[in-house]
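Got a minute to walk through this model together? Here are some questions you might ask at the bench, each with a short answer.

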Amino acid sequence: MPFVRVYLVRHGETQENRDGVFQGQLDTELNETGVRQARLVADALRSVHFDAAYSSDLRRALKTAEIILAHRSDIEIRREEALRERFLGSLQGTKVVAGRLEGLAVDATVETADAFAARAARWWTRAVLQRSRALAPRETAYTVLVASHGGVIGTLARTLVGSRMVRCAPGVQITTCRNSSVTVIDVESDGRGTIVLYGDVEHLERGLEEEMVETNADEAVVDAGDS
């Protein structure tokens, strides 16, 4: 049994996701499909009694968290700027066409990959590792909900694995993080963790009629000077 179990949920679909628009830190909203996706996540996680909840302060993530916790009036969602998607500068609002940017190339206005990874790692250290040290041992794991973005979740997972503080369980791979997918990281009392589930969308495949957006434009950005 882990000491803390962290559920990272990517926000539901936005129209910009559907249209292949780079959102970054644009404050876009869930579309109707995104709301339905969030409700399906809520149903899938209804049996989890969350002890804490965090969300990006962008509306698409915050609304997803609010839908998941609609039945919980006793829990406060902590809004965190650190959980915002990667800042995409001049790319924000542009479209992907045939796998390429429309009109505007990646430039120095985009948050660098290193800065983005460091931001995600600092949040993990502060919100998960440091706060868990103050918790009293108990027989069941503490549970934490985190509503964020595909780029954040993927970057955080890869950064933690790269630091060797977290490993992937057998059979788990860090791949595309689709809308309303669920990633679970089990954390032991010494801070070491295991990704036991990544980008799971089984709850959507059972209950969603619309085809899902298979790619995430924001995750695909490569910063100028990054390789």
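Q: Which residues of H2 are buried?
A: This is a predicted model, where local features need pLDDT of at least 70, side-chain atom pairs count only at pLDDT 80 or more, and totals for chains, interfaces and linings use all residues. Residues are numbered from 1 along each chain as its sequence is written, and side-chain values use heavy atoms, with hydrogens and water left out. Helices (H or I, at least four residues) and strands (E, at least two) are DSSP runs, numbered from the N terminus, and buried means under 20% relative accessible area, with exposed over 50% and partly exposed in between (1.4 Å probe, protein chains only). In H2, the buried ones are Thr 33, Gly 34, Val 35, Gln 37, Ala 38, Leu 40, Val 41 and Ala 42.

Q: What covers the buried residues of H2?
A: Contact here means heavy atoms within 4.5 Å. The cover includes strand E1 (4–10), helix H3 (59–68), strand E8 (182–187) and helix H6 (202–207).

Q: How many Å apart are the end C-alpha atoms of H2?
A: The expected span of a helix is 1.5 Å times one less than its number of residues. For the 13 residues of H2 (residues 32–44) that gives 18 Å, and the model agrees, with the ends apart by 19 Å.

Q: Which residue caps the N-terminal end of H2?
A: Look for a polar contact, meaning a pair of N or O atoms within 3.5 Å; within protein, one must be able to donate a hydrogen and the other to accept it, and residues adjacent in sequence count only if both atoms are side-chain atoms. A side-chain oxygen lies 3.2 Å from the backbone nitrogen of Thr 33, and this oxygen belongs to Asn 31.

Q: Is Gln 37 buried or exposed?
A: Gln 37 sits in helix H2. Leaving aside neighbours within four places in sequence, Gln 37 is in contact with Gly 12, Glu 13, Asn 179, Ser 180, Leu 204, Leu 208 and Met 212. Its relative accessible area is 1%, so Gln 37 counts as buried.

Q: Which element gives the most to the largest nonpolar core?
A: A nonpolar core is a set of buried Ala, Val, Leu, Ile, Met, Phe, Trp, Tyr and Cys residues joined through side-chain atoms within 4.5 Å. Of the 31 residues in the largest one, Val 6, Trp 123, Trp 124, Ile 185 and Val 187 touch the most other members. Elements giving two or more residues include E1, helix H4 (113–132) and E8. With seven residues, the top contributor is H4.

Q: Which strands stand at the edges of the open sheet?
A: Two strands pair if DSSP finds at least two bridges between them. The seven strands run in the order E3-E2-E6-E1-E8-E9-E7, with mixed pairing. One side of each edge strand has no neighbour in the sheet, because each has a single partner strand; these are E3 (77–80) and E7 (166–168).

Q: How many bridges join E1 to E8?
A: Val 4 stands opposite Val 187 in E8. The two strands, E1 and E8, run antiparallel, and the number of bridges joining them is six.

Q: How many residues of E8 are buried?
A: On one side, Val 182, Val 184 and Asp 186 are buried, and on the other, Thr 183, Ile 185 and Val 187 are too. Both faces are covered, and the count of buried residues in E8 is six of six.
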